[in-house]
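Dear colleague,

I am handing over the structure shown below, together with an account of what was found in it. Please read the account with the structure open beside you.

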Amino acid sequence: MDRQKTEQEKRENIKITWMGTAAFLLEAAGERILFDPFVPIKGGENPGCIDDFLKEDTIFITHGHFDHLCRVPQLLEEGEGTVFCTAQPARTLEQFTDETDRVVQIRVGDTLPIGDIRIRVLKGAHIAFQMKRIFDTMTPWRVLRYWRNMPFLLWANHVFKDGGETVAFSIQAAGKTILLLGSLALDEREEYPRQADLLILPYSGNNNLVEEADKIIERLRPRRILLSHFDDAFPPMSRSVDTRELKRMLDRKWPDIQAVKPAYGKSIIL
């Protein structure tokens with residue numbers, strides 16, 4: 001009886017593990033779904049490697065920037081997973097792998113069943129980059145320290161494009177709703193679920209992060225927030241984001257909303 005109860009509890013719970021940058025592994029209803037896998041480049045602050053992702057069979061991509069997509073060709077070549085993405089990242093993948101039979105194009109409005117999980121594709125938006133943020137991040141000493149990364153980063157930023165196709169995923173699992181955003185922005189006309197049990201919120205992109213996050217929270221009113229994309233994963237073009245100002249704003253304005261800054265490889269249970 002105890003064993004049966006434990007198995008039932010496992011199926012009713014949702015386990016979410018942050019794997020660095022925008023990568024999450026969601027486990028629910030006997031399924032494992034990987035979102036936006038990325039392995040930090042040299043100097044990145046998290047210890048991830050491609051082996052962490054190779055065993056996953058179901059991979060969803062929110063958009064085609066390199067820090068969401070550039071490791072996927074290797075996953076297709078060395079693993080057996082199926083990748084779900086929109087047209088722009090699918091075209092990019094065609095440049096790097098012949099395993100395109102395992103790339104499934106998705107569109108805004110689609111609802112995809114993964115076992116007992118339902119994933120609805122919503123139109124998203126990408127946060128507007130600011131030149132000041134870029135200059136603040138790529139200081140001369142950081143560029144000098146990580147100069148060996150620059151050829152790859154310049155190439156990757158040119159090749160891996162968003163194409164205006166950033167999406168969000170509304171995930172229904174175990175009676176709960178999770179809204180996973182691809183970037184810290186919303187589309188003005190899309191109808192997102194309000195009061196989701198969990199909002200996965202990327203926290204990077206420009207110098208107005210608290211204001212951008214506040215606008216999203218005001219519109220969506222989630223019950224709980226899980227931060228992502230705050231780590232220094234591809235220096236010198238990235239840096240670790242200070243989330244203390246965000247916490248102060250949440251404590252002051254949204255005290256009933258719990259926000260979690262996850263540790264790499266650690267899981268939360270929803």
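The first item concerns Ile 61, which lies in the loop that runs between β4 (58-60) and α2 (66-69). Please bear in mind throughout that this is a predicted model. Ile 61 has a relative accessible area of 0%, and it counts as buried because the cut-off for that class is under 20%. Leaving aside residues up to four places away in sequence, Ile 61 touches Asp 36, Pro 37, His 68, Leu 69, Val 72, Val 83, Phe 84, Cys 85, Val 167 and Phe 169. Asp 116 stands 55 residues from Ile 61 along the chain, and the C-alpha atoms of the two are separated by 20 Å.

The second item is a pair of helices. Helix α8 comprises residues 209-220 and helix α9 residues 244-253; their axes come within 10 Å and cross at roughly 35 degrees. The crossing of α8 past α9 is right-handed. On the α8 side, the residues in contact are Val 210, Ala 213, Asp 214, Ile 217 and Glu 218. Their counterparts in α9 are Glu 245, Leu 246, Met 249, Leu 250 and Lys 253. Sorted by class, this contact has six nonpolar residues, four charged residues and no polar ones.

Which residues of α9 are buried? They are Leu 246, Met 249 and Leu 250. These residues lie on the same side of α9, because the arc they cover around the axis is only 100 degrees. The spacing fits a general rule: an α-helix has 3.6 residues a turn, so residues three or four places apart point the same way. The buried residues of α9 pack against α8, and also against β12 (224-228) and β13 (258-260). The face of α9 turned away from this buried side carries the exposed residues Arg 244, Lys 247, Arg 248 and Arg 252.

The third item is the salt bridges, of which a search of the whole structure finds 13. One of them belongs to the helix pair just described: the side chains of Asp 214 and Lys 253 meet with 2.9 Å from N to O. This salt bridge links distant parts of the chain, as Asp 214 in helix α8 and Lys 253 in helix α9 are 39 residues apart. How accessible are the two partners, Asp 214 and Lys 253? Asp 214 counts as buried at 17% relative accessibility, whereas Lys 253 is partly exposed at 38%.

Another salt bridge joins the side chains of Asp 242 and Arg 244, at 2.6 Å from N to O. Asp 242 is partly exposed, with a relative accessible area of 44%, while Arg 244 counts as exposed at 57%. Elsewhere, salt bridges that share partners join Lys 15, Glu 27, Arg 32 and Glu 56 into one network.

A further salt bridge is formed by Arg 102 with Glu 99, where the closest N and O atoms are 3.4 Å apart. Is Arg 102 buried or exposed? Arg 102 counts as buried, since its relative accessibility is 16% and the class takes in values under 20%. Its partner Glu 99, at 26% relative accessibility, counts as partly exposed.

With kind regards

Conventions
Residues are numbered from 1 along each chain as its sequence is written. This is a predicted model: local features need pLDDT of at least 70, side-chain atom pairs count only at pLDDT 80 or more; totals for chains, interfaces and linings use all residues. Side-chain values use heavy atoms; hydrogens and water are left out. Axes are lines fitted to C-alpha atoms, for helices over the stretch in contact, and angles run from 0 to 180 degrees between N-to-C directions. Helices (H or I, at least four residues) and strands (E, at least two) are DSSP runs, numbered from the N terminus. A crossing is left-handed if the near helix is turned anticlockwise from the far one by less than a right angle, and right-handed if clockwise. Contact means heavy atoms within 4.5 Å. Ala, Val, Leu, Ile, Met, Phe, Trp, Tyr, Cys and Pro count as nonpolar, Asp, Glu, Lys and Arg as charged, and the others, Gly among them, as polar. A salt bridge is a side-chain nitrogen of Lys or Arg within 4 Å of a carboxyl oxygen of Asp or Glu. Buried means under 20% relative accessible area, exposed over 50%, partly exposed in between (1.4 Å probe, protein chains only). The arc is that of the directions from the helix axis to the C-beta atoms.
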